[in-house]
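Here are my notes on this one, point by point. Have the structure open beside you as you read.

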Amino acid sequence: MPKFFETVDKLKPAYDVAYKVVLFICKLLLIADILITSVCVVGRYVPFVPDPAWSEEVVLTLMSYMAVLSAALAIRRNAHIRMTAFDGYLPKGVIKFLDILADVAVFALAVVMIVVGWQYATGIGAKATYVSMPFLSKFWMYFPIPLAGVAMVIFELETIYNHVKGIFVKEGEA
């Protein structure tokens, strides 16, 4: 069995790249959010700086991308809020089982986000436009959900794999 884990462990650099790409996208979105909000605020108080009409809708859209993508990043770091009050009282096997069960549930949620999110993005989103930018489809407002679902699937696969590996391979063995 350890040979299987050694083979699959070679995929870790791909997960590292996926994490870095999603993190980089979040950083770019944050920078754009800050710049657009700054221009908007300055435009309200400085007469010769124009306040773009589209700024609020774009900032909210960028924030939705950052929110769901950063939640996907938290999966890989195991940084989500979780209840651990009973972990000291439960057997380690039960805790591992509950961790895997929670990860399978999050994986199922990610699949739902991909399927339903894509239906909304291509259905409702494709038929509407932003009020301040009638040339831009609201597809981009709904697209963060399936995009984050894909990122969540990638990071959940790695997390579930690590849990399963922890069951079969003892520390220091691999």
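1. Let me start with a loop residue, Asn78. At 48% relative accessibility Asn78 counts as partly exposed, because exposed would need over 50% and buried under 20%. Keep in mind that this is a predicted model. Asn78 sits in the loop between H3 and H4. Its backbone is worth a look too: phi of Asn78 is near 55 degrees, a positive value in a residue other than glycine.

2. Now the other loop residue on my list, Pro52. You'll find Pro52 in the loop between H2 and H3. With a relative accessible area of 18%, Pro52 is under the 20% cut-off and therefore buried. If you want a distance to check, try Pro52 to Ser132: they are 80 residues apart in sequence, with 9.3 Å from C-alpha to C-alpha.

3. On to the core. Which residues have the most contacts inside the largest nonpolar core? They are Val22, Leu29, Leu69, Leu73, Met152 and Phe155, in a core of 28 residues. Two or more residues of this core come from each of helix H2 (12-45), helix H3 (55-77), helix H4 (92-127) and helix H6 (144-168). H3 gives the largest share, 10 residues. As general background, nonpolar side chains tend to be buried together in soluble globular proteins.

4. Leu29 is a good place to look into that core. It belongs to helix H2, and at 13% relative accessibility Leu29 counts as buried, since the cut-off is 20%. What does Leu29 touch, not counting residues up to four places away in sequence? The partners are Leu62, Tyr65, Met66 and Leu69. For a backbone check in that direction, Leu29 and Thr61 are 32 residues apart in sequence and 9.8 Å apart in space, C-alpha to C-alpha.

5. Next, H2 as a whole. Its geometry checks out: at 1.5 Å a residue, the 34 residues of H2 should span 50 Å, and the end C-alpha atoms of H2 are indeed 50 Å apart. The buried residues of H2 are Tyr15, Ala18, Tyr19, Val22, Cys26, Leu29, Asp33, Ile36, Cys40 and Gly43. So that you can see what lies over them, display H3 and H6, which are among the elements covering the buried residues of H2.

6. The H2 and H6 pair deserves its own point. These two helices pack at an angle of about 145 degrees, and their axes are 11 Å apart. The crossing of H2 past H6 is left-handed. On the H2 side the contact involves Lys12, Tyr15, Ala18, Tyr19 and Val22, and on the H6 side Ala151, Ile154, Phe155, Leu157 and Glu158. Sorted by class, the contact of H2 with H6 has eight nonpolar residues, two charged ones and no polar ones.

7. Staying with H6, is Glu156 buried or exposed? Glu156, found in helix H6, is buried, with a relative accessible area of 2%. Leaving aside neighbours within four places in sequence, Glu156 is in contact with Ile75, Asp103, Val106 and Phe107. I'd have a look at the Asp103 contact when you go through that list.

8. Thr159 is another one to inspect in helix H6. Thr159 is buried at a relative accessible area of 13%. Not counting residues up to four places away in sequence, Thr159 touches Ile75 and Asp103. Both of these partners also appear among the contacts of Glu156.

9. Last, two residues of H4. Ile114, placed in helix H4, has a relative accessible area of 27% and is partly exposed. Not counting residues up to four places away in sequence, Ile114 touches Pro146, Gly149, Val150 and Val153. For the Val153 partner, the C-alpha atoms of Ile114 and Val153 are 9.2 Å apart, with their places 39 residues apart in sequence. Lys92 also lies in helix H4, but Lys92 is exposed, with a relative accessible area of 70%. Lys92 and Phe168 are 76 residues apart in sequence and 14 Å apart in space, again C-alpha to C-alpha.

Conventions
Residues numbered from 1 in each chain as written. Heavy atoms only, no water. Core = buried A, V, L, I, M, F, W, Y, C linked by side-chain atoms within 4.5 Å. Buried < 20%, exposed > 50% of the residue type's maximum accessible area, 1.4 Å probe, protein only. Helix = DSSP H or I, 4+ residues; strand = E, 2+ residues; numbered from the N terminus. Contact = heavy atoms within 4.5 Å. Expected span 1.5 Å × (residues − 1). Axes fitted to C-alpha atoms, helices over the stretch in contact; angles between N-to-C directions. Left-handed = near helix turned anticlockwise from the far one by under 90°. Nonpolar A, V, L, I, M, F, W, Y, C, P; charged D, E, K, R; others polar.
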